[in-house]
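Colleague: Before I use this model for anything further, I would like to go through some of its local features with you, one at a time and with the criteria spelled out. Could we put the structure on the screen first?

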Amino acid sequence: MDDIQEGKDFSFPKEEERILSFWNEIDAFKTQLKRTEGKPEYIFYDGPPFATGLPHYGHILAGTIKDVVTRHQTMRGHHVTRRFGWDCHGLPVEYEIDTTYNIKSRQDVLDMGIAKYNGLCQSIVTKYVKEWEQVVTRTGRWIDFKNDYKTMDLAFMESVWWVFGRLFEKGLVYRGLKVMPYSTGCKTPLSNFESGLNYKDVPDPAVMVSFPVVDDSDSAALVAWTTTPWTLPSNLALCVNPNLTYVKVRESVSKAVYIVAESRLSQLPGSKSAKVIEKFPGSKLKGLRYVPLFEYFSECSDVAFRVVADNYVTEDSGTGVVHCAPAFGEDDYRVCVENGIIKKGDDLVVAVDGEGRFKEKVKDFSGRYVKDADKDIISMVKGKGRLLSTGTITHSYPFCWRSDTPLIYMAVPSWFVAVEKIKDQLLECNKETYWVPDYVKEKRFHNWLENARDWVISRSRFWGTPLPIWVSEDGEETVVMDSVEKLEKLSGTKVTDLHRHNIDHITIPSSRGSQYGVLRRVDDVFDCWFESGSMPYAYIHYPFENVELFEKNFPGHFIAEGLDQTRGWFYTLMVLSTALFGKPAFRNLICNGLVLAEDGKKMSKRLKNYPSPMEVIGDYGADALRLYLINSPVVRAEPLRFKKEGVYGVVKDVFLPWYNAYRFLIQNAKRLEVEGLTPFCPLDVAALLKSSNVLDQWINSATESLVSFVRQEMDAYRLYTVVPYLLKFIDNLTNIYVRFNRKRLKGRTGEEDCRVSLSTLYHVLLTTCKAMAPFTPFFTEVLYQNLRKVSDGSEESIHYCTFPSTTGQRDERIEQSVTRMMTVIDLARNIRERHNKPLKSPLKEMVVVHPDNDFLEDITGILKEYVMEEMNVKSVVPCNDQLKYASLRAEPNFSVLGKRLGRDMGVVAKKVKEMSLDDILAFEKSGEVVIAGHSLKLSDIKVVRQFKRPDNVSESEIDAAGDGDVLVVLDLRADESLFEAGLAREVVNRIQKLRKKSGLEPTDLVEVFIKPYDADKESLEKILNSQEQYITDALGSPLLPHTLVPPEAVIVCQEEYTDVCGKSFAISIAKQTVVFGDALLTACSGNEEHAEALRVYIASRDLSSLKYEVQSGNGKIKVDCLDSYPLVELQVGRHFFLNVGEFYLSTA
């Protein structure tokens, strides 16, 4: 394995760029797909974005979710085709062309020519494709851009025709008139879900208008309230609620008589002094005729201008009387049809054109935009003496999501899918799907389906898939094309493109004979949501191709998009698949929330309130951004306030500790070679699982748990639970396994034990990388490429590896005991901090109190040395007598019991708190107690242990800390016998800091010398001699007296220290130097010149290669390269020593 940099020098972004180049060299994604051919298919549908804008964090988030899942499924043994898709048609494209070329009306397009207009649209469809590919690729997502699908491709459009043809055959398509949200900016109706995408709080005029009742004895007038004065010229009826109470009142000044709902009387001008003449139910008003406000629709007088009744009229606003303009209100249209004022299917006169301007029908305002005409309409109403009040109201109003212009509601002739007919099927199909989070499915989406209305799928536009409907001139004959072949056969025309400008001219002879003329295509194109909803079929050109692939794998396995798609793509997928096959389109779905700016506002290029994605990736890397997004509320469909420092937090808390554990492995594996030992090669996993070392057993079990957890959570599509678990695992790996195993990993417990611990760390890191590769594809590849160098038969890329299998060899007792050990250490550390007792100061005794004898056996047995060393205590004493150091009290677990007990919670809580000591002990023994008729288990009651200090002892002498489960008692009293150990720790601490300060690596071959400055230097030397074993273990080499520094030694660093535990000394760190024994001269037969030549030769050798030669020669080397001198065999430890330390120990 190659040497690696320090964590502070490791550039995550640069390494990711290097990995991208590596993936390109080996064509990694395509190779992975080829290697998995023939394996079970995992079908993933990628919702097509528009390429007319650049990708943002929302796209990166959804793309990351998709990439994580599809990479994981590939590692689990599936073939996962991933093709990028583009939404090419519809308003976003047309709006950009209209804006660029100042196109204001439909006629402008016709004057330009549909072919030219569509050509312009097509030219910008792929405007940012290159940028999309760059960003998506840089985020680490593997997806096929070369074999992408586009909704404007002939094959895709043909499948869309097929979908429509099947719906038409099933009787689920009809043409009708419907009041719909209409964008005057884009000159097209919008679907209900589109209309809900852009609500704004805006001021609108609010007016009360009088409508005199014909032949009323009191000359009364109904009073209606509206916030859309522009609809008043089209008024055909008034609507009241039949179940509300209405009043007829006389105004005190003008003596005018008005009729309003009693509950809304206070809103009537002059109502305080008005006199109530009569009260009656709204049903009594039904059928009354009134005087029209305008004469524009006088031809309707026979059936219109009368009062109707319906429950949609509410009393929470207005007057309880609603003015009805059936062309401009959904409920208005419905009640007017139900009451015979207009007839369903008749051509309703709509007084406004497609650009939102009044037609000639409304001659006084002809040609004017409706919203601009409000003021003048109000003035005209006032001039007629019919205006009672005028004002302004601020309310939430829908705007077009593309043009940002206010929507109006207008009756539009359209083609519909009869969704209401299949509503029950939709609800059943929804039950067959699995969503994360499930509440989006159970509530938001379920409610949307339950209230589903017929879906308008046509748009009176130009750039889109044309509706494949040909109709005869008399309207009696309709033919739907469900394939190109059918169109070519019926028309006799070769078809190579299905856009309007290429097929609008194609006619079909009438099947009834030439006298009936020809059939022509209707003008409309499909709503682009119909195209994206057809994606599961159209992207593989089903049913014209890939029939077996589709039918074996439908519904698809997985989709993922944002919360806004519950009324968009998720909905259209569900509607079309249910209508076509009686199945949902997908099995599993992850729904993400919105990514907001740090201030909680929507991300805005204009406001520049967020950093660009490429800036963040350039600073911290794509893996850090991926984990930041995955480990946030946004994956649970909640909003995320994006913070750049949060991405840095991932680098700091996840990647650097992970990298440091990996670096520690590499350094110590390389150390074996430096010391002349056999290069590192990991031992077999099966052998490692038999290790007798408790921490090996623990980390192997914890790794098994990690793999099982990731597998389990990925099966459940809960990506957000994986990162916290990984974070804890990496923390445990670095702060428990590596930290507590430093001696073993550094070879201080013997070479064999060192290789076992290094091999264990190697396999843990390798397994972790494989499990996490889908989440962090770059970083895991970096580590894997170095780790694989010592593993025969390894895959070329980590992304060709299979997901780690579980062996089932978990030791839950060991895992729990180590977890409790860390709790014990944390509690003891808290006690030390409270009393300002640094870890360098040794303490005499720690008592661990717990009723579980297995745990006490572990903590004072196999785990004892780790606790003692970490907390610097001389003994760890177990105690299972809880009452010796603690008093017990019971507390109810409110979080568990609250929902279960309801009103009984108070009574039970009181009884639990009153439990006696005997009650608590009996409960802990049996595991159950009945209180107030409720059976309570161990998880329902918390037994809290509070420290009970021994008599005649102060807090400064003995103190304790507990977490309700385990209690730790520390003896804080000073002990002279601990002074020597404390001083030794201080000396070691200074040496380690000096090494770090000098930039020394663990593999650097150095020796440490100490020079006492005190008058009683013998005292310091005596103490250091008594602590020699500890110091040697801590440093990896003996601490040598300064008198042994060879004259030729190279001093790396030197520093003086004063008053360290009352002692002063100097530390010198020098490069290791070969020392020669007296026996060297004997080996040279007393020839001093020969001996000197040997000294010069051996001293000039590279120390690492010399050690390797000694190792290979079983402690001996032969020197025959010196001219004029015979061959001589030298023994290490007799004729020469590889360093001063070995020489020192041989003479001690």
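Colleague: Does His 1090 count as buried or exposed?

Modeller: This is a predicted model, in which local features need pLDDT of at least 70 and side-chain atom pairs count only at pLDDT 80 or more, whereas totals for chains, interfaces and linings use all residues. Residues are numbered from 1 along each chain as its sequence is written, and side-chain values use heavy atoms, with hydrogens and water left out. His 1090 sits in helix α40 (residues 1088-1100), where helices (H or I, at least four residues) and strands (E, at least two) are DSSP runs numbered from the N terminus. Its relative accessibility is 4%, and since buried means under 20% relative accessible area, exposed over 50% and partly exposed in between (1.4 Å probe, protein chains only), His 1090 counts as buried.

Colleague: Which residues is His 1090 in contact with, leaving aside neighbours within four places in sequence?

Modeller: Contact here means heavy atoms within 4.5 Å. With the neighbours within four places in sequence left aside, the partners of His 1090 are Cys 1084, Leu 1122, Tyr 1125, Pro 1126 and Val 1128.

Colleague: Which backbone oxygen does the side chain of Arg 71 reach?

Modeller: Arg 71 belongs to helix α3 (residues 57-75), and it counts as buried because its relative accessibility is 2%. A polar contact is a pair of N or O atoms within 3.5 Å; within protein, one must be able to donate a hydrogen and the other to accept it, and residues adjacent in sequence count only if both atoms are side-chain atoms. Beyond four places in sequence, the contacts of Arg 71 include Trp 23, Arg 626, Pro 777 and His 799. At 2.7 Å, the backbone oxygen that its side chain reaches is that of Gly 140.

Colleague: Against which elements do the buried residues of α28 pack?

Modeller: Helix α28 (residues 777-787) is mostly covered, with 11 of its 11 residues buried. Among them are Pro 777, which also appears in the contact list of Arg 71, and Glu 781. The elements against which these buried residues pack are α1 (12-26), α3, α7 (129-138), α21 (622-630), α22 (644-674) and α27 (751-772).

Colleague: How many bridges join β35 to β38?

Modeller: Strand β35 (residues 1006-1012) is mostly covered, six of its seven residues being buried, and two strands are said to pair if DSSP finds at least two bridges between them. With β36 (residues 1039-1041), β35 runs parallel over three bridges, and Ile 1010 stands opposite Pro 1041 there. With β38 it runs antiparallel, Pro 1012 having Phe 1065 as its bridge partner, and the number of bridges joining β35 to β38 is seven.

Colleague: Which residue takes a positive phi in the hairpin of β37 and β38?

Modeller: Strands β37 (residues 1051-1060) and β38 (residues 1063-1071) pair in the antiparallel sense over seven bridges, with Glu 1056 opposite Ala 1066. Two residues lie between the strands of this hairpin, and the one with a positive phi, near 55°, is Cys 1061.

Colleague: Why is one side of β4 and of β16 left without a neighbour in the sheet?

Modeller: The open sheet has four strands in the order β4-β3-β14-β16, with antiparallel pairing. Between strand β14 (residues 407-417) and β16 there are two bridges, and Val 417 stands opposite Trp 455. The reason for the free sides is that β4 (188-189) and β16 (455-456) stand at the edges, each with a single partner strand.

Colleague: How much space lies in the largest cavity?

Modeller: On a 1 Å grid over the protein atoms alone, a cavity is a set of points where a 1.4 Å probe fits but cannot get out, and lining residues have an atom within 4 Å of a point. Grid points are joined across faces, edges and corners, and a volume is the space filled by probe spheres set on the points. The search of the whole structure finds five cavities of 30 Å³ or more, and residues lining the largest cavity include Glu 94, Arg 459 and Asp 527. The space in that largest cavity is about 90 Å³.

Colleague: How many charged residues does the lining of the second largest cavity have?

Modeller: Ala, Val, Leu, Ile, Met, Phe, Trp, Tyr, Cys and Pro count as nonpolar, Asp, Glu, Lys and Arg as charged, and the others, Gly among them, as polar. The second largest cavity holds about 50 Å³ of space, and its lining includes Ile 43, Tyr 539 and Asn 553. Its lining residues divide into eight nonpolar and one polar, and the number that are charged is none.

Definitions and conventions: 1 Å grid on protein atoms, 1.4 Å probe; cavity = no way out; pocket = protein on both sides within 12 Å on 5 of 7 lines; lining within 4 Å.
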